[in-house]
Amino acid sequence: MTLLDTILEANRKYVRPGAFPPLPKNPKKQFAIFTCMDTRLVDFLEPAMGIKRGDAKVIKNAGNTIVDPLSGGVVRSLVAAIFMLGVEEIFVIGHQDCGMATVDAEALKERMVTRGVDPAVIATQVPDLAQWMGAFSCPEENVARVVSVLRQNPLIPKDVPIHGLIFCPNDGHLDVVARGY
């Protein structure tokens, strides 16, 4: 059985008409979380913050980094969350032991080429692969940088608090890097 078939079978067993009450699109607690896509955070970060389904908008990418500070997908999503969905605060949450803190751009390029990506395309489209990937060396510094980038963004209102935190994927504790108030 393929992975897709396994997922579809699990879905058939999961769906129970009427078992899940509809929720509004707007987050109940009026905040957004911008965090990493690390699998260790799934079903762990939100409960560690005391939130559940429908409470917050959650935006994820590799390393919770912002590569395009004005018009990238993260900023676009946060602007939509603020102006269309009632978000009033933003939490930028990085985590300890983040894989983006150890990006080896040359090894990554080799893997891309091995899988059939033309090296000329890499050189033309992403000449600085590490920068394009959003690589960093210290998760705390990355969170502080992202908070600063968002605070300086002219599309995000100055009255929106932007907090920075570091999450431990082993025990669930949060450390504050930046208070947005």
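At 63% relative accessibility, Lys 13 is an exposed residue, and it serves here as the entry point to a predicted model. Lys 13 forms a salt bridge with Glu 9, with the closest N and O atoms 3.9 Å apart. The cut-off for a salt bridge is 4 Å from nitrogen to carboxyl oxygen, so a separation within 4 Å is counted. Glu 9 and Lys 13 are four residues apart in helix α1, so about one helical turn separates them.

Glu 9 also meets Arg 12 in a salt bridge, at 3.2 Å from N to O. These two residues again belong to helix α1, three residues apart, which is about one turn of the helix. Glu 9, Arg 12 and Lys 13 are thus linked in a network of salt bridges. Their accessibilities can be set side by side: Glu 9 is partly exposed at 29%, Arg 12 is exposed at 55%, and Lys 13 is exposed at 63%.

Helix α1 covers residues 3-14, and Tyr 14 lies in it. Tyr 14 is partly exposed, with a relative accessible area of 49%. Its ring and that of Phe 20 form a stacked aromatic pair, with 5.1 Å centre to centre and 20° between the planes. The pair counts as stacked because planes under 30 degrees apart fall in that class. Phe 20 is partly exposed as well, at 34%. The charged end of Arg 16 sits over the ring of Tyr 14, 5.8 Å from the ring centre. Tyr 14 and Phe 20 also join Val 15 in a nonpolar surface patch, and the three residues together have about 290 Å² of accessible area.

The view now widens to the whole chain. The protein chain has seven helices and five strands, and along the sequence these follow the pattern α-β-α-β-α-β-α-α-α-α-β-β. The C-alpha trace spans about 50 × 50 × 35 Å along its principal axes. Of the 181 residues in the chain, 35% are buried.

Where does strand β3 stand in this picture, enclosed or open? Seven of the seven residues of β3 (residues 89-95) are buried, so the strand is largely enclosed by the rest of the structure. Both faces are covered: Glu 89, Phe 91, Ile 93 and His 95 are buried on one side, and Ile 90, Val 92 and Gly 94 on the other.

The strand pairings around β3 can be followed residue by residue. β1 and β3 run parallel and are joined by five bridges, with Thr 35 having Ile 93 as its bridge partner in β3. β3 also pairs with β4 in the parallel sense, over six bridges, and here Ile 93 stands opposite Leu 165 in β4. From β4 the path continues to strand β5 (residues 174-178), which runs antiparallel to β4 and is joined to it by four bridges. In β5, the bridge partner of Leu 165 is Val 176. β4 and β5 form a hairpin with six residues between them, and Gly 172 in its turn has a positive phi of about 90°.

Side-chain contacts also link separate parts of the sequence. The structure holds three aromatic pairs, one of them the Tyr 14 and Phe 20 stack described above. In another, the ring centres of Phe 44 and Phe 167 are 5.3 Å apart and the planes are at 75°, so the pair is edge-to-face. Phe 44 lies in the loop between β1 (31-36) and α2 (45-48) and Phe 167 in strand β4 (residues 162-167), so the contact ties together parts that are 123 residues apart in sequence. Phe 44 is partly exposed at 26%, whereas Phe 167 is buried at 0%.

The structure holds five salt bridges, and one of them joins Asp 97 and Arg 40 at 2.9 Å, N to O. Asp 97 lies in the loop between β3 and α4 (105-114) and Arg 40 in the loop between β1 and α2, so this pair ties together parts that are 57 residues apart in sequence. Asp 97 is exposed at 61%, while Arg 40 is partly exposed at 29%.

Phe 136 is the last stop, in the loop between α6 (129-133) and α7 (139-152). Phe 136 is buried, with a relative accessible area of 13%. Its C-alpha atom is separated by 7.9 Å from that of Val 103, 33 residues away along the chain.

Methods: Residues numbered from 1 in each chain as written. Predicted model: local features only at pLDDT ≥ 70, side-chain atom pairs only at ≥ 80, totals over all residues. Heavy atoms only, no water. Phe/Tyr/Trp six-rings, centres within 6.5 Å; stacked < 30°, edge-to-face > 60°. Buried < 20%, exposed > 50% of the residue type's maximum accessible area, 1.4 Å probe, protein only. Lys NZ or Arg CZ within 6 Å of the ring centre and 35° of its normal. Patch = residues over 30% accessible without salt bridge, like charges linked within 9 Å, V, L, I, M, F, W, Y side chains within 5 Å. Areas by Shrake-Rupley, 256 points an atom, 1.4 Å probe, with all protein chains shown as cover. Salt bridge = Lys/Arg side-chain N within 4 Å of Asp/Glu carboxyl O. Pairing = 2+ DSSP bridges.
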